[in-house]
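Colleague: Could you walk me through this one, with a little reasoning behind each reply?
Modeller: Happy to, have a look at it first.

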Amino acid sequence: MSAALIGSHRALPARTVQAPTPDAPSTRRLRLTKRGRVVFTTLAAIPLVIGVAVVGLSAGGAAANTAAAGATFTYITVDPGESLWQLAESIAPDADPRDVIAEIMNLNQLSTAGVEPGQRLAIPQRYAAE
């Protein structure tokens with residue numbers, strides 16, 4: 001196969017390209033458009049907004065606990081050999097002891113039903129009046 005070229009052949013002028021020297025400081029400055037400034041400001045503000053949201057949500061829990069701080073309770077002291085079942089029967093003879101024990105454990109934040117002699121336990125208000 002052969003190819004035919006039609007037209008004139010002009011030589012392009014030679015260009016000289018200078019390689020940048022590593023020691024020369026760059027004189028370019030970053031120029032932001034209006035849209036770029038909006039994007040940059042928005043990205044910078046996101047951590048601040050998240051921080052304010054976390055602080056705002058955390059403050060709600062503290063406000064809820066302040067109401068319980070003013071409540072008064074009646075306390076009893078556990079005698080040697082006494083169990084929560086016996087305490088529940090003595091403070092609320094007409095109620096189901098399991099329900100009374102559950103309320104005492106919840107009120108005193110006990111993880112088990114085991115009590116020790118001399119331990120002070122808060123009693124639910126409705127059983128303290130009886």
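Colleague: Which residue follows α3, and what is the sign of its phi?
Modeller: Keep in mind that this is a predicted model. Right after α3 comes Q109. The phi of Q109 is near 55 degrees, so by the sign convention itself the answer is Q109, positive.

Colleague: Thanks! How far does α3 reach from its first C-alpha to its last?
Modeller: α3 spans residues 97-108, twelve residues in total. At 1.5 Å a residue, 16 Å is expected. The model comes close to that, with a reach of 16 Å.

Colleague: How wide an arc do the buried residues of α3 cover around the axis?
Modeller: The buried residues in α3 are P97, V100, I101, I104 and M105. Residues three or four places apart in an α-helix point the same way, because there are 3.6 residues a turn. The buried ones lie on the same side of α3, since their arc around the axis is only 135 degrees.

Colleague: And which residues are exposed on the other side of α3?
Modeller: Exposed here calls for over 50% relative accessible area. On the side of α3 away from the buried residues, those that are exposed are R98 and N106.

Colleague: Which elements do the buried residues of α3 pack against?
Modeller: The protein chain has four helices and two strands, in the order α-β-α-α-β-α. The packing partners of the buried α3 residues include one strand, β2 (120-123), and two helices. Listed together, they are α2 (84-91), β2 (120-123) and α4 (125-128).

Colleague: Last one: what share of the protein chain's residues count as buried?
Modeller: To count as buried, a residue must have under 20% relative accessible area. The protein chain has 130 residues, and the buried share is 13%.

Note on methods: Residues numbered from 1 in each chain as written. Predicted model: local features only at pLDDT ≥ 70, side-chain atom pairs only at ≥ 80, totals over all residues. Heavy atoms only, no water. Expected span 1.5 Å × (residues − 1). Buried < 20%, exposed > 50% of the residue type's maximum accessible area, 1.4 Å probe, protein only. Arc of directions from axis to C-beta. Contact = heavy atoms within 4.5 Å.
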